[in-house]
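Subject: Structure handover

Hello,

Here is the structure we spoke about, followed by notes on what was found in it. Please read the notes with the structure open.

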Amino acid sequence: KHRPFTCPERAAREFPQHSRHDHTIIHCLFEACKGLRKIRNLKVVVSIRNDVYEKMNMEYPPSQGQLEKNEDYIVRIKWTREQLWELVEKRIGHLYRWKYTKDNVHFVDLFKTSYDNKKRSWVYIVERSLMRPRDVIKYVNFCFSTAEGKSEISKTDFRNAEKVYSDDRLEALISQLRHFAMDLSPVWRCGLQ
């Protein structure tokens, strides 16, 4: 039995950002996927960020009347700390096995010191990233970048990664909010210095 998969994960990158039609297109794709349920032996799984789905419902009026109906098709995914830990452990293991060693490498092998005297590095990363998987991975990757060539992440490396991560989050926020109002990025950047 063949099980073909189509995974257009890069579709979001090619998507027209903030055009006046973007939520109409998302809504139509959502409705088309619901229609595909009628085909036997075909299962369609769509992954969409909650903020995109919520915005579609706010900005595309026909979808507002369908909210209760849509809930029948939705499985909301919430990540736990344990799942995030497992994700990062697998990623570190894969990266280090591929690049440096055949031995198993774990988070605690690289992050041996606490960020500060109060919080362990892992707790800080999870809280700082608001438990968003992409942000957890991004934060850990920034730690690796700042500690390039070292066998562990020092407090200094961690603090430098925090600065890079904060700058990255600020730029992402500015980019997302830019189309709602005039460009306030100079004000925000000035206020954060």
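A residue is called buried when its relative accessible area is under 20%, exposed when that area is over 50%, and partly exposed in between. By that cut-off C143, at 0% relative accessibility, is buried. C33 has a relative accessible area of 24% and is therefore partly exposed. Please keep in mind that this is a predicted model.

Overall content

The chain has 193 residues, of which 26% count as buried. Its secondary structure consists of 11 helices and 0 strands, so the order of elements from the N terminus reads α-α-α-α-α-α-α-α-α-α-α. Take the contacts between residues at least 6 apart in sequence: 53% of them join residues at least 24 apart. How many disulfides are there? The count is 0, where a disulfide would need a pair of cysteine sulfur atoms within 2.5 Å.

Helices 8, 9 and 10

Most of the notes concern these three helices. Two packed helices are described by the angle between their axes and the distance between the axes, and the pairs are set out that way below.

Helix 8 and helix 9. Helix 8 covers residues 121–128 and helix 9 covers residues 133–146. Their axes are 9 Å apart and make an angle of about 130 degrees. An angle that is neither under 35 nor over 145 degrees, and not from 65 to 115, counts as oblique, and helix 8 and helix 9 are therefore oblique to each other. The crossing of helix 8 over helix 9 is right-handed. On the helix 8 side the contact is made by W122, Y124, I125 and R128, and on the helix 9 side by V136, Y139 and V140. By class, this contact holds 6 nonpolar residues, no polar ones and 1 charged residue.

Helix 8 and helix 10. Helix 10 runs over residues 155–177. The axes of helix 8 and helix 10 come within 13 Å and cross at roughly 5 degrees, and these two helices are therefore roughly parallel to each other. Helix 8 contributes S121, Y124, I125 and R128 to the contact, while helix 10 contributes F158, E162, Y165 and S166. The residues of this contact divide into 4 nonpolar, 2 polar and 2 charged.

Helix 9 and helix 10. Here the axes lie 8 Å apart at an angle of about 130 degrees, and helix 9 and helix 10 are therefore oblique to each other. Helix 9 passes helix 10 in a right-handed crossing. From helix 9 the contact takes in D135, K138, Y139, F142, C143 and T146. From helix 10 it takes in D157, F158, N160, A161, E162, V164, Y165, D168 and R169. By class there are 7 nonpolar, 2 polar and 6 charged residues in the contact of helix 9 with helix 10.

Burial of helix 8

Why is helix 8 described as largely enclosed by the rest of the structure? Because 6 of its 8 residues are buried. The buried residues of helix 8 are S121, W122, V123, Y124, I125 and V126. Among them, Y124 and I125 take part in the contact with helix 9 and also in the contact with helix 10.

A161 in helix 10

A161 lies in helix 10 and is buried, at 0% relative accessibility. Leaving out residues up to four places away in sequence, A161 touches F142, C143 and T146. A161 and F142 are 19 residues apart in sequence, and their C-alpha atoms are 5.1 Å apart. C143, another of the residues touched by A161, is the buried cysteine mentioned at the start.

Positive phi values

Two residues other than glycine are worth a check on the backbone. L130 has a positive phi of about 60 degrees and follows helix 8, in the loop between helix 8 and helix 9. At 59% relative accessibility, L130 counts as exposed. N41 also has a positive phi, near 60 degrees. N41 sits in the loop between helix 2 (22–35) and helix 3 (50–59), and is exposed, with a relative accessible area of 72%.

Regards

Key:
Residues numbered from 1 in each chain as written. Predicted model: local features only at pLDDT ≥ 70, side-chain atom pairs only at ≥ 80, totals over all residues. Heavy atoms only, no water. Buried < 20%, exposed > 50% of the residue type's maximum accessible area, 1.4 Å probe, protein only. Axes fitted to C-alpha atoms, helices over the stretch in contact; angles between N-to-C directions. Helix = DSSP H or I, 4+ residues; strand = E, 2+ residues; numbered from the N terminus. Left-handed = near helix turned anticlockwise from the far one by under 90°. Contact = heavy atoms within 4.5 Å. Nonpolar A, V, L, I, M, F, W, Y, C, P; charged D, E, K, R; others polar.
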